[in-house]
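Visitor: Please take a close look at the question of cross-links in this chain, and set the answer in the context of the fold around it. How many disulfides does the count come to?

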Amino acid sequence: MVGGGSNPAPGEISLAHNGVLFLDELPEFKRSALEVMRQPLEERRVTISRAKFTVDYPSSFMLVASMNPCPCGYYNHPEKECICPPGMVQKYLSKISGPLLDRIDLHVEVTPVNFSELSSDRAAEKSELIRDRVIKAREIQVERFGNRPDLHANAQMSPQMVRDLCKINVAGQTLLKKAMEKLGLSARAYDRILKVSRTIADLAGSEEIKLEHLAEAIHFRSLDREGWAG
């Protein structure tokens, strides 16, 4: 948990400015503490209202959160059986509201790594190559928003900028329409899919958003579909 000043009390969240906020075991936080992050995640500011005045504070931060799939940790496990009682999984996952999930760009399910993969001699991509690719993508975005000092990444684009800078072809529109209908995604998720697909295209060094970039971005919206806990 990153934040300036004194440490937050248990169950509270300190919102950082231009930092990374990491929340482990996300469903264990109070619902009220999580919901208060919706405004700063969307607008990059916090508004404090009192009887005689209102003050806005900058709060541009990256939220990274982790959670188990259920209280016992074995829901959807490929080898072990979940021992949670009926309804417990849905109750546990429902602690994270749909509107909050809407504001998280990437949902990544981490599955157990089996022994054959751990013991494999297959060479993995080197971190230096990944780093170079990320730096080049960030340079593309700096050039893209060069006349806007308040913007430096695709994630900060407004809805209108998304329409202007994240254009997709007819095949892409058809794919995204089917995904929206099948997964029950919101309008906010639509914008975030386009932002992520633009970033994936930047990482690939592509000027246009291709079908594979869009498909990968849709894959990262798995948790905010209707009935995502089964």
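Guide: A disulfide is taken here as a pair of cysteine sulfur atoms within 2.5 Å, and by this rule the count comes to 0 disulfides. The model is predicted, so local features need pLDDT of at least 70 and side-chain atom pairs count only at pLDDT 80 or more, whereas totals for chains, interfaces and linings use all residues. Residues are numbered from 1 along each chain as its sequence is written, and side-chain values use heavy atoms, with hydrogens and water left out.

For Cys82, the closest cysteine sulfur is that of Cys84, and because the two sulfurs are 3.7 Å apart, they are too far from each other for a bond. Cys82 has a relative accessible area of 24%, so it is partly exposed (buried is under 20%, exposed over 50%, partly exposed in between, with a 1.4 Å probe and protein chains only). Cys166, by contrast, counts as buried, because its relative accessibility is 3%.

Around these cysteines, the chain has 10 helices and 4 strands, which are DSSP runs numbered from the N terminus (helices H or I, at least four residues; strands E, at least two). Read along the sequence, they give the pattern β-α-α-β-β-β-α-α-α-α-α-α-α-α. Of the 230 residues in the chain, 31% count as buried, and the accessible surface comes to about 14900 Å², 54% of it belonging to carbon and sulfur atoms (Shrake-Rupley method, 1.4 Å probe; for residues, only the protein chains shown count as cover). Among contacts (heavy atoms within 4.5 Å) between residues at least 6 apart in sequence, 56% join residues at least 24 apart.

One local example of such packing is a loop residue. Ser206 lies between helix H9 (187-203) and helix H10 (211-219), and it is buried, because its relative accessible area is 13%. Leaving aside neighbours within four places in sequence, Ser206 is in contact with Arg198, Ala201 and His213.

On the surface, Val20, Phe22, Met62 and Val64 make a nonpolar patch of about 330 Å². Strand S1 (19-23) and strand S4 (61-65) are the elements that give two or more residues to this patch. Val64, placed in strand S4, has a relative accessible area of 33% and is therefore partly exposed. Patches are made of residues with over 30% relative accessible area and no salt bridge, like charges being joined within 9 Å and nonpolar side chains (Val, Leu, Ile, Met, Phe, Trp, Tyr) within 5 Å; a salt bridge is a side-chain nitrogen of Lys or Arg within 4 Å of a carboxyl oxygen of Asp or Glu.
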